[in-house]
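New to this one? Here is a quick tour to read with the model open beside you.

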Amino acid sequence: MSHFKSDVVIIGGGMVGLCLAHQLLERGLASAITVLEKESELGRHSSGRNSGVLHAGLYYKPGSIKAQVCVHGARRLRVWVEERGLPLNPCGKVIVPQRPELDSQLDVLAERGSANGARVEFWDEAQLRQLIPEARSASGRALWSPNTAVVKPITVVWRLQQELRERGVVFLEGRPGWTAVPEHRQLRLADGSTIAYGHLINSAGLQADRVAHPFGVGRHYSLLPFKGLYWQLKRGCPIQPCTNLYPVPDLNVPFLGVHFTPSADPAPVVSIGPTATPAWGRENYRGLQAVEPVMAAANLTVLARQYLGNRGGFRRYVHEQAFLALPPLLLRAAQELIPSVRPEHLELSQKVGIRSQLFNHATQRLEDDFLCLPGPASTHVLNAISPAFTASFALADLILDEASPRMALA
Ligand SMILES: Cc1cc2nc3c(=O)[nH]c(=O)nc-3n(C[C@H](O)[C@H](O)[C@H](O)COP(=O)(O)OP(=O)(O)OC[C@H]3O[C@@H](n4cnc5c(N)ncnc54)[C@H](O)[C@@H]3O)c2cc1C
């Protein structure tokens, strides 16, 4: 049993927590930093299981926090990855309308992208076919984003952890089952040890609402998990897109639709996905693993109400995306982008992730933007959805701009 003191304790060693630790050091805001992680190694959840796309910033409403941090964060992370020689595929991205009536959405995306400082170009079908001969645009137009890139997320997480460790950040891994005593600025670990802190930052990803509630923070929010399954093109498949190929998304919901993404391997594997199907548990990656029946039932009720009220155009999400875990529907979605894809070209990928989408019970809506709330001697990052991986360095700075005046050291 031991008793530690730390200026700042960060709950959760995902990309957001790691970048917060990095920026606390860079800005000289704290020197004694502890990252408390429930898993025995980092990267077991979203930060190690995502598509690895460094988004260029096209999707986000100008003025939103996502828009503020995505473009700048992507540039910073890309430079960080390049400086270390970690895998990076600078392959760009092309967005195509899968139905003619979606064509005007390309203009919306181009306007948003330009307003957010991202580079975009309109392409005609000949330009699209030059890059991906089998691709199709329902309207003959496509939007090209040259600055989108792909990394291997787990290599990023592990390298950043290694560097932070070398700079003195303490990682306490394999530590589930702790309790918070906010009035004493103290955490009690399962083995009886305690950590006294000056400030606590909750970046617990899929569990962030559960960590926040004992601090009296965000009680009208809960996270809804959506499972993202991936398929991939078989190695010998004659179709191998060399760039990201995305559909025009429904900008009312936070999912981008099933897309083709080449990996950052020397011989890229092209994944197709992720799907966005309500999950039976926040960590229910496979089968019956980590199923939470009570939570699942409550969430289904919430989602049924969203559907019936068609809040935020929710019905379109259900009709177009909720059932894509079914292989024939996934194939159909893939064929909207590349009609010649056949069932024999596809195999299920080992990759699977779960997205935590914050639901606001007061407004009865899904939260679309990042949300960071202050608490007693603490800060709670409640909705670190995509593109939080891309934006992580810039997002960490934004969080610390708000939190640092409230920080007292232990
Ligand atoms: C399928 C999928 C595809 C995605 N694709 C992209 C993409 O291409 N580009 C992009 O920018 N973003 C993408 N995202 C989003 C991105 O992965 C997340 O926004 C980002 O990783 C969030 O990081 P985080 O640190 O907040 O969460 P996490 O990576 O989930 O980290 C949270 C950590 O907290 C730990 N933790 C939880 N509870 C506790 C507790 N009680 N005590 C201690 N530790 C705890 C967890 O074990 C975990 O390690 C995708 C997400 C998914 C799921």
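**Two prolines and their cis bonds**

P274 sits in the loop that runs between β16 (270–273) and β17 (277–278). Keep in mind as you look around that this is a predicted model. The tour starts with backbone oddities like the one at this proline, then moves to the ligand, a helix with a bend, and a handful of single residues.

- The peptide bond leading from G273 into P274 is cis, and its omega is near -10 degrees.
- Another cis peptide bond links S386 to P387, with omega at about 10 degrees.
- You'll find P387 in the loop between β21 (378–381) and α11.
- As background, most peptide bonds are trans, and most residues other than glycine have a negative phi.

**Positive phi values**

- A290 isn't a glycine, yet its phi is positive, near 55 degrees.
- Look for A290 in the loop between β17 and α8 (293–309).
- A290 has a relative accessible area of 38%, so it counts as partly exposed, since that class runs between 20% and 50%.
- Q364 is another non-glycine residue with a positive phi, this time about 60 degrees.
- The loop between β18 and β19 (365–366) is where Q364 belongs.

**Around the ligand**

- There are 36 residues around the ligand, and the ones that come nearest are E37, S47, W178, A384 and T390.
- By type, that shell splits into 16 nonpolar, 16 polar and 4 charged residues.
- V16 offers a polar backbone atom 3.0 Å from an oxygen atom of the ligand.
- W178 uses its side chain instead: a polar atom there lies 2.9 Å from a nitrogen atom of the ligand.
- With A384 we're back to the backbone, where an N or O atom is 2.7 Å from an oxygen atom of the ligand.
- How much of the ligand does the protein bury? On its own the ligand exposes 1,000 Å², and the protein buries 95% of that.
- Which elements give two or more residues to the shell? They are α1 (15–26), α2 (46–49), β18 (346–360) and α11 (388–403).

**Helix α3, with a bend**

- Helix α3 covers residues 65–83, which makes 19 residues.
- At 1.5 Å a residue, α3 should span 27 Å, and its end C-alpha atoms are indeed 27 Å apart, so the two values agree.
- Even so, α3 isn't perfectly straight: at G73 there's a bend of about 25 degrees.
- G73 is also on the list of buried residues in α3, along with K66, A67, V69, C70, V71, A74, L77, R78, W80 and V81.
- After α3 comes G85, which has a positive phi near 65 degrees.

**Two buried residues and their contacts**

- T148 is in the loop between β7 (141–145) and β8 (149–151).
- Is T148 buried or exposed? Its relative accessible area is 0%, so T148 is buried.
- From there, the side chain of T148 makes a polar contact of 2.7 Å with the side chain of S145.
- H259 belongs to strand β15 (residues 259–262).
- H259 counts as buried because its relative accessible area is 5%, and the cut-off for buried is under 20%.
- One polar contact of the H259 side chain goes to the side chain of Y246, at 3.3 Å.
- The H259 side chain also reaches the backbone oxygen of G257, at 2.7 Å.

**Two helix residues and distances across the chain**

- N299 is part of helix α8.
- With a relative accessibility of 9%, N299 counts as buried.
- N299 and A279 are 20 residues apart along the chain, and their C-alpha atoms are separated by 9.2 Å.
- E402 is part of helix α11, one of the elements that give residues to the ligand shell.
- E402 is partly exposed, at a relative accessible area of 35%.
- E402 and R315 are 87 residues apart along the chain, with 36 Å between their C-alpha atoms.

How values were computed: Residues numbered from 1 in each chain as written. Predicted model: local features only at pLDDT ≥ 70, side-chain atom pairs only at ≥ 80, totals over all residues. Heavy atoms only, no water. Helix = DSSP H or I, 4+ residues; strand = E, 2+ residues; numbered from the N terminus. Expected span 1.5 Å × (residues − 1). Bend = angle between axes of the 7 residues up to and from the residue. Buried < 20%, exposed > 50% of the residue type's maximum accessible area, 1.4 Å probe, protein only. Near = heavy atom within 4 Å. Polar contact = N/O pair within 3.5 Å; in protein donor to acceptor, adjacent residues only side chain to side chain. Areas by Shrake-Rupley, 256 points an atom, 1.4 Å probe, with all protein chains shown as cover. Nonpolar A, V, L, I, M, F, W, Y, C, P; charged D, E, K, R; others polar.
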